[in-house]
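Reader: I have a model open on my screen and would like to learn how to read it feature by feature. Could you walk me through it?
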Amino acid sequence: MGPSDGRPVTAHVRGPSLRDETETASVMMTAHEITRASASVPVGLLQELRGILSAAAVVDEPQRLVVYECDGFVVEKNMPDVVVFPESTEEVAAVVRACNRHNVPFLPRGAGTSLAGGCLPVGGGIMIALTRMKAIHEINLRDRYAVVDPGLVNVHLTQKLKGSGYHYAPDPSSQGACTLGGNFATNSGGPHTLKYGVTVNHVLGAEVVLANGDVVMLGGPTEDIPGYDLTGLFVGSEGTLGICTRLWVRLTRDPAAYRTMLAVFETVDDATVAISEIIGAGIVPAALEMMDQGIIEAVEAAFHFGFPLDAGAVLLMEVDGLELEVDAEATRMESICTACGAREVRRANSPEERLKLWKCRKQAFGAIGRLSPSYCTQDGVVPRTKLPQILQHIQDVSRRYDVRIVNVFHAGDGNIHPILLFDERDPDQVERVLAASDEILSRCIDLGGSVTGEHGIGVEKINFMSRLFSPDDLAVMGLIHDCYNPEGRLSPGKMLPVLAGCGNEHMPRRVPGRKAAL
Amino acid sequence: MSANSPTQAASPSTATPLGATIPYERFLDCVHCGLCTASCPTYLETGDENNSPRGRIYLMRAVTDGRLELTDTVRGHLDLCLDCRSCESACPSGVQYGRLIEPFRVETQIRDRREGRTEPDSWFQQWILYGMFPYAGRLRMSLAPARWAQQLGLDRLAEKMGLVRLLPAKLQRMHRLLPPLKPRGAAIPHLLPAKGERRARVGLFTGCVADAMFHHLHWATARVLQANGCDVITPRDQVCCGAIHYHSGAGDPALALATANSRIFGAEDLDAVIVNVAGCGSMLKDYGHVAEEVAPGSQETAELLGHFAGRVRDVSEFLAELGPLAPPTPVPLKATYHDACHLCHAQQIRQQPRQLLSLVKGLELVPLHESEICCGAAGSYNLTQGEMADRLGRRKVENIIATGAEVVIMGNVGCSLQIQAELKAAGSSIRVLHPMEILDEAYKPAEE
């Protein structure tokens, strides 16, 4: 089995839709019409769905489907044929089985904050919105886990835990809105995952509805469950292997103390050298974030923190741990920054000041709207020591393509977010932004990195998969895909390219779009 | 189902598409990141993105672009919006959601009138919302029988006998929302002089519903201001702020009221215009925008209303700026604080009332879960969108009861009516008070 026997590597667009791809493409991008690039949904399926769920939980009026045509990634759009709102695992499984009986594709959706089109219903079909499954079933502080529904908003868990001495560690910048099911699907990260790890390190187990409607339990509340680590396999599979309907997540003790600092540098180079030196010195900061001059300007306009507008870059640094050790670590980081040419290092003097600093960082992308009418955020990764090289390259690309690029990113783990500023109404700028983005991401691959740190592949980066992985690598992934999703009805067109191409050629990339990012 | 058949675009017979008066950049400000969704009460309740801020902006934009017709379905999603502006607090891009939905509603209303569509609610809007609410005097008189009935216990008798159910649904809701009415005290005189050293001269805005039902609150507010060294001027001829009209799409009457208030308070020499109702306060502060939306191009109106709006302060905001004097008398209570949307989201006032309350000896303030999620009152929303208002009211009251507080404090009478009614329905004895009622107690001379 495999590509050698001539079988397609993945079968996941083998589904019933996408019949006429060229026609689809031309219809889809017509600006002022509402269209659906999909096969029609059989009347029988609609009746079955109405039998499984309450009438109010099955939405098929086109006017109510428009808002589901895209998520945080707005470049490509397509309406689902139906959106359903199940409220239990049994309902999800019944919907999945009905879709299979009628040979109609389906996909899950949480809050729709994906920046890579993870919730885009490629080829239409049934969208399974998990937003009404949002209960917290159990909080077990002594065993340090919680059992939650997939539609629960990330921050709602941490709010519920407030005062208990525990929290849920992965904190994507969208945590105020994104769901834990979506975090599970994309293996979300965030500023504090440098020390605490990403979602996969915090999911102990999951109940999953497979593509055929079977319900399985992966992992569980205890550590080191024997057998294959299927939880690890499903986390980050972008909804292509199954639909998570319940999660067992790890709870993390709140740090006893923390110190938050802001180091001000004359140049981006100095700041990136300091990052390497800090990590090289064996310090594991809770967070280590960089913002360059362009971002500082936008953030200062939005939040008036008092950032120095003439600085080349700032590092937002946080250490946490025991009261005794944080001061020593903070002092070491300060002296490393000073040795690397920092103009000054400030400490946040109060919890309010710390919160405000973090607000500036977490909402930095939104503030970009103040610099430019449109922007496009990229999400690349390089080994930390290569940060100076990639940033040099970004400056170079910016010059060559005449596109302004600003940077704000998770420096500690080498996850860069260059933001390309442009005006979407100027086609020439749009072309240059697309070319510049490709060049930056290609360079990330050349430097030993990847084209996504946390936003996922979705439909946006699917073209890069064959550059990131060898045919054999992709063939193995294809086998896994086919094992769980053999008919390809679950989340078609996501993450894995088909042998001949990405499978999304019917969706031409027209504009980089305006995107907020994590 | 009608798959593959595109929804009909708005009919070309409509001269100008809806949304045409809204600067298009306001739509473009939304980058569709979705960070607003979980801040929206109606999305929290329904999980449907059509009931989220991002979804509603998408719908309005689709209507404006001519992609979608404003059908009853689409309108239903827009009408379900509380206009609580929670999404504006959550939005990193600075989207001015209120300045999208409000002018959109104004345009819809104008179109309806032009096309002669009669609203099923029109009797209610004509006679009650527009005919009675904005007039403190009329409202006061219409409440007089209710006050007597309460004193004689007739209201509870009517409830027991089921007589209340004979009323139209909306009047039933109004009956349910009616708080225990206190005997109306004397009218507030034009000038109440500062106590001690004179530190400011302020105007007191009394509004319509608040003045009829919460007259005692205005007295409390005036006394707290006096105790903090303020001369308090209460112009007798001031009128309703116009929020009820403006938020339900009646732009012209709103502008007339705004102009009247701006002139009346403008005639006094004041350091600030003080308001103790969050809903009125955010409307008064928004007069500049009202001028822009309803009377574009009139420089004179813009200046008059803008100048007035610049001097409006919520009472807690004003006292925090002025530097409150230490209140001498303890108020030993366990209390929690509910953030009225029109204080925390529309005016970004969160810390000031808490700071003031923290000055009160003996008052223990415990945190309230989801304190910034709307209670469902939202102006006249609890009268026009009953089901959602009830759901949000119950959600709020469950959170309040879970705190174990004896008193819940809030800076908006709309919230007070709603939460009081829901607490009563839940059989709870938790009292609902305004920060000024607590401070009024605390500023009474200490008993020695």
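Reader: Let me begin with a sheet in chain B: what is the order of the strands in the open sheet of four, and is the pairing parallel or antiparallel?

Author: Happy to help, and one thing to keep in mind is that this is a predicted model. As a general idea, strands of a sheet pair through backbone hydrogen bonds, either parallel or antiparallel. Here the open sheet in chain B runs β7-β6-β8-β9, and its strands pair in parallel.

Reader: Which strands of chain B are the edge strands?

Author: Look for strands that pair on one side only: in chain B these are β7 (363–366) and β9 (431–433). Going from one strand to the next, the twist averages 35 degrees.

Reader: How many bridges join β6 to β8 in chain B?

Author: Three bridges link β6 (residues 333–337) with β8 (residues 407–409) of chain B, and the two strands run parallel. To find one of these on your screen, start at Tyr337(B), whose bridge partner in β8(B) is Ile409(B).

Reader: Which helix lies across β8 and β9 of chain B?

Author: A useful habit is to look at both the strands a helix touches and its direction. Helix α23 (residues 413–425) of chain B lies across β8 and β9, at about 175 degrees to β9(B). Helix α24 (residues 435–443) of chain B also packs on the sheet, where it touches β6, β7, β8 and β9 of chain B. The direction of α24(B) makes about 85 degrees with that of β9(B).

Reader: How many residues of α24(B) are buried?

Author: Eight of the nine residues in α24(B) are buried, so the helix counts as mostly covered. Among them are Met436(B), Ile438(B), Leu439(B) and Tyr443(B), but also Glu437(B) and Asp440(B).

Reader: Now for two helices side by side: at what angle do α12 and α18 of chain B cross?

Author: For a helix pair, read the distance and the angle together. The axes of α12 (residues 215–227) and α18 (residues 315–322) of chain B come within 12 Å and cross at roughly 5 degrees. Angles under 35 degrees count as roughly parallel, so α12(B) is roughly parallel to α18(B). The residues that meet are Thr221(B), Val224(B) and Leu225(B) from α12(B), and Val315(B), Phe318(B) and Leu319(B) from α18(B). By class, the contact of α12(B) with α18(B) has five nonpolar residues, one polar and no charged.

Reader: Is Asp231(B) buried or exposed?

Author: The cut-off for buried is under 20% relative accessible area. Asp231(B) has 11% relative accessibility, so this residue counts as buried. You will find Asp231(B) in strand β3 (residues 230–233) of chain B. Leaving aside residues up to four places away in sequence, Asp231(B) touches several others, including Leu191(B), Pro193(B), Arg198(B) and Arg201(B).

Reader: Stepping back to whole chains, how many helices and strands are there in chain B?

Author: Chain B has 24 helices and nine strands, while chain A has 17 helices and 20 strands. Buried residues form 60% of the 448 residues in chain B and 61% of the 518 residues in chain A.

Reader: What share of the accessible surface of chain B belongs to carbon and sulfur atoms?

Author: That share is 55% of about 18100 Å² in chain B. For chain A, carbon and sulfur atoms hold 51% of about 18800 Å².

Definitions and conventions:
Residues numbered from 1 in each chain as written. Chains lettered and ligands numbered in written order. Predicted model: local features only at pLDDT ≥ 70, side-chain atom pairs only at ≥ 80, totals over all residues. Heavy atoms only, no water. Buried < 20%, exposed > 50% of the residue type's maximum accessible area, 1.4 Å probe, protein only. Areas by Shrake-Rupley, 256 points an atom, 1.4 Å probe, with all protein chains shown as cover. Axes fitted to C-alpha atoms, helices over the stretch in contact; angles between N-to-C directions. Parallel < 35°, antiparallel > 145°, perpendicular 65-115°, else oblique. Contact = heavy atoms within 4.5 Å. Nonpolar A, V, L, I, M, F, W, Y, C, P; charged D, E, K, R; others polar. Pairing = 2+ DSSP bridges.
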